[in-house]
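Student: Please take a close look at one residue and its surroundings. I am new to this structure, so give the cut-offs as you go.

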Amino acid sequence: MKFTGEKCVLCGEVFTDSDNVVVCPECGTPHHRECYKKHGRCGNIYMHGTGQKWQTTRKIPEEKTADVVAPEDMEENNTSSGNEQYMSRTDYEIAMMREAGLNPYEDMGGVTLHEIMMFVRTNIIYYIPKFKKMKDFGSRTSFNLSCFLFPAFYFANRKMWLWSIIATVISVILNIPASIIIMAESGVFTENIMNVIYENQDFIQNMETICSAGSCIMRTVMCLFANWIYFNFALKKIQYIKKNTPDGRLDKYTALAFGGVRPINIILITLITMFLSMGSMVGITMFLTAL
């Protein structure tokens, strides 16, 4: 899109055909590249998050309007007519971090703050302050509600499969006494097994109470350390990626592949949980039958 005749909101000067122009991917506001680098932010930052978009003050003939690069690409467009370019996603993220008073190149333990933000991808407003606190003050605990409610789902969604499996196995084991009681009340056991359960009902009920408390304790511990676990997971993954790439950099595609979220993992861990639960009940049934 040509911006000749429009004004740069940062310096007030009119764009000419020879100007190097960058466009904010959030609101579409054009700037001189030098102005943007000098100020380190979009001149219409008040529009961000409101849904408002920059509007031209002149009429552009429809037949001369160039194709607009999709904002989600947020990559420099050197093939468009004129010298206008969309700011790269990296430039935009770095500018927003500086606007928030953060140093995007701050060392967080072998990786930069911006690299962690690229890896986390979603809900960075929640994670970045907590990660900085952990790095600056050495704190390890913070409350993560999602992990308290659904620990296995949380870890799986964030691609931390080891912790997701650990949470799943512990949950299945702690749920065995309650499952025995439910199945006994449903009448699915044979008479011999029911007799064994009846003879040991006090023990089973006590175990159900203990396991319920244990489940609550497990959820509490995991929710308190979940963010610290995720912080260390991100550090190790980013360091691994940088070590095994030719240029030693973390690009957005690799960050997306290893980081961010993957909701389909929740379905996978649900299937794994169901398989383990059924397996545990088959084992318990065989054990009670042998008594």
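Tutor: Y154 is buried, with a relative accessible area of 8%; buried means under 20% relative accessible area, exposed over 50%, and partly exposed in between, using a 1.4 Å probe and protein chains only. The model is predicted, and local features need pLDDT of at least 70, side-chain atom pairs count only at pLDDT 80 or more, while totals for chains, interfaces and linings use all residues. Residues are numbered from 1 along each chain as its sequence is written, and side-chain values use heavy atoms, with hydrogens and water left out.

Leaving aside neighbours within four places in sequence, Y154 is in contact with Y127, N144, S146, C147, M160, A226, N227 and Y230. Contact means heavy atoms within 4.5 Å.

Next, the aromatic rings. Rings of Phe, Tyr and Trp (its six-membered ring) pair if their centres lie within 6.5 Å; planes under 30 degrees apart count as stacked, over 60 as edge-to-face and the rest as tilted. By this rule there are 13 aromatic pairs. One of them joins Y154 and F155, edge-to-face, at 5.4 Å centre to centre and 65° between the planes. F155 has 0% relative accessibility and so counts as buried. A further edge-to-face pair is F225 with W228, at 6.4 Å centre to centre and 75° between the planes. F225 and W228 both lie in helix α10, three residues apart, about one turn of the helix. F225 counts as partly exposed because its relative accessibility is 29%, and W228 is also partly exposed, at 27%. Y127 and Y230, named above as contacts of Y154, belong to one aromatic cluster with F119, Y126, F131, F231 and F233.

Y154 also has a place in the nonpolar core. Such a core is a set of buried Ala, Val, Leu, Ile, Met, Phe, Trp, Tyr and Cys residues joined through side-chain atoms within 4.5 Å. The largest one has 35 residues, and those with the most contacts inside it are M108, I116, F131, Y154, F155 and Y230. Helices α3 (113–120), α4 (124–137), α6 (151–157) and α10 each supply at least two residues of this core; helices (H or I, at least four residues) and strands (E, at least two) are DSSP runs, numbered from the N terminus. With 12 residues, α10 gives the most to this core. A second, separate core of 11 residues includes I180, A184, I193 and V196.
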